[in-house]
Amino acid sequence: MSVLLVEAFYGGSHKQLIDLLKENVVGCRVYTLPAKKWHWRARTAALHFMQAIPASSSYRVLFSSSVLNLCELVALRPDLASLKKILYFHENQLAYPVRKDQERDFQYGYNQILSCLVADVVVFNSCFNMESFLSSISSFMKKMPDHRPKDLDKLIRPKCLVLHFPLQFPDVIRLLPKHKLLCRPTGVSCVDDISALQGQQQPCVDGPQAPRPEEPISRGKDKGTLSDSATAGALGLNTEAGSDTLDQEEDQRQSTANPGENQGAEGGNDVMVEGSEGVDGQSKPLHIVWPHRWEHDKNPELLFTTLLKLKERDLNFQLSVLGETFTDVPEIFAEARGQLEAHILHWGFLPSKDDYLRVLCEADVVISTAKHEFFGVAMLEAVHCGCYPLCPKSLVYPEIFPAEYLYSTPEQLCKRLQGLCRRPDLARKHHIKVDTTAYSWAALKEGFKSLLATQADHP
């Protein structure tokens, strides 16, 4: 068997997946283009690969991300048309957010629809990615002035399945502080509960017989931790008491329980949960990390607006803003750096993976403020390193994270962080109810190997 791995944008998660498949699947041949000038890759990559991929009778499978116009490549290279053609969506252009001062380029979404029509299998990294794409096709095609095709989503959906992006989680035990080691889950992994996508691929389709996406989340109560109601009250979550009561209770705790709680490491008077005395790092200010691309779709404006509100309220916290930067960095980053300078521990991209993981292991809370996310590698990596996650109650996040880690409005995000700044021990002693092993290569490898196999490989 010979598998063609074709990647028109060989960088980031696209590169990680191609490298992982090449290392673990026998008989792969890789053809790539550098991760530069994305728009030109989407427009012209097929012409390049027409010439770059040599003819061979040994090819059986063609695997490509949706950046490539697969329809063009197959038309230019008829010898590839008979292969099992697999299209993998890291993101889709129908649901990708566009700046207000820009117009959505019809061609990119149109290319992805054409690619789906010629592919044999269309794979998405999340159900949100798949459903947002399929449900947008009809309205997207209405942009055409006339002679609009109908029901394209019904042609594409039977080919579709969800196979999460596989992560290779590093061993971070040596980097974790003592309190995170104490909270690290032990025992049997929940990964056995999501065997539906291990060794086979199941399409998410409509109807009563439709298989549900796996739920890689342990929702049971953890022994030895704060009760759900106590944690909810301290963090400002919605409970039967109502939001006004929660505000009053929080203010009362601040004024009576611990007058010096905002002093951070110097004050030495932070409130501790039972059994937390003596655990290293418990008296330090809350360490917040934001490990995302410095681009507008990650909504840094919401992050910095929220943090400045915490500063105005004299709440103590430390900040690490990581992630890659590109040519056009939003101006908000330079402005916020000056305003939050006293709180900053780390600022900017860390080229060393070890340094990056060390910061995640040191941090208490990881935040997403994204307006676009089809999977969220950075959030899962941070949770693997023991960070308490706070994510929007939208996009892909409800598919991965339980409700207690989701916020619906900027006000809710601010209130959650306010509670954690006053009680950082709640984040540090919390047993995170997300099973990251469900998104590991170990859990998903059989699904990918089966995907890249043909009937001829299973006589």
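## A bridge in the second sheet

I288 has V365 of strand 10 as its bridge partner. That pair belongs to the 2 bridges joining strand 7 (residues 286–291) to strand 10 (residues 365–367), and the two strands run parallel. Helices (H or I, at least four residues) and strands (E, at least two) are DSSP runs, numbered from the N terminus. Two strands pair if DSSP finds at least two bridges between them.

This is a predicted model, where local features need pLDDT of at least 70 and side-chain atom pairs count only at pLDDT 80 or more, while totals for chains, interfaces and linings use all residues. Residues are numbered from 1 along each chain as its sequence is written, and side-chain values use heavy atoms, with hydrogens and water left out.

## The sheet around it

Zooming out, strands 7 and 10 sit in an open sheet of 6 strands, ordered 9-8-7-10-11-12, with parallel pairing. At its edges are strand 9 (344–347) and strand 12 (406–407), each pairing on one side only. Helix 12 (residues 300–312) packs on this sheet and touches strand 7, strand 8 (317–322), strand 9, strand 10 and strand 12, with its direction at about 165° to that of strand 8. Contact here means heavy atoms within 4.5 Å; axes are lines fitted to C-alpha atoms, for helices over the stretch in contact, and angles run from 0 to 180 degrees between N-to-C directions.

## The other sheet

Another open sheet has 6 strands in the order 2-1-3-4-5-6, again with parallel pairing. Strand 2 (28–34) and strand 6 (160–162) are at the edges with a single partner strand each, so one side of each has no neighbour in the sheet. From one strand to the next, the twist averages 20°. Strand 3 (residues 59–65) and strand 4 (residues 84–89) run parallel and are joined by 5 bridges; F63 has I86 of strand 4 as its bridge partner.

Two helices are worth a look here. Helix 2 lies across strand 1 (2–10) and strand 2, at about 135° to strand 2. Helix 5 (residues 127–134) lies across strand 4, strand 5 (121–124) and strand 6, at about 150° to strand 6.

## A cavity by helices 2 and 4

On a 1 Å grid over the protein atoms alone, a cavity is a set of points where a 1.4 Å probe fits but cannot get out, and lining residues have an atom within 4 Å of a point. The count comes to 4 cavities of 30 Å³ or more. The second largest has a volume of about 50 Å³, the volume being the space filled by probe spheres set on the points, which are joined across faces, edges and corners.

Its lining includes W38, N69 and Y108. Helix 2 (38–52) and helix 4 (106–118) are the elements giving two or more residues, and helix 4 has the largest share, 3 residues.

Technical notes:
On a 1 Å grid over the protein atoms alone, a cavity is a set of points where a 1.4 Å probe fits but cannot get out, and a pocket is an open set with protein on both sides within 12 Å along at least five of seven lines; lining residues have an atom within 4 Å of a point.
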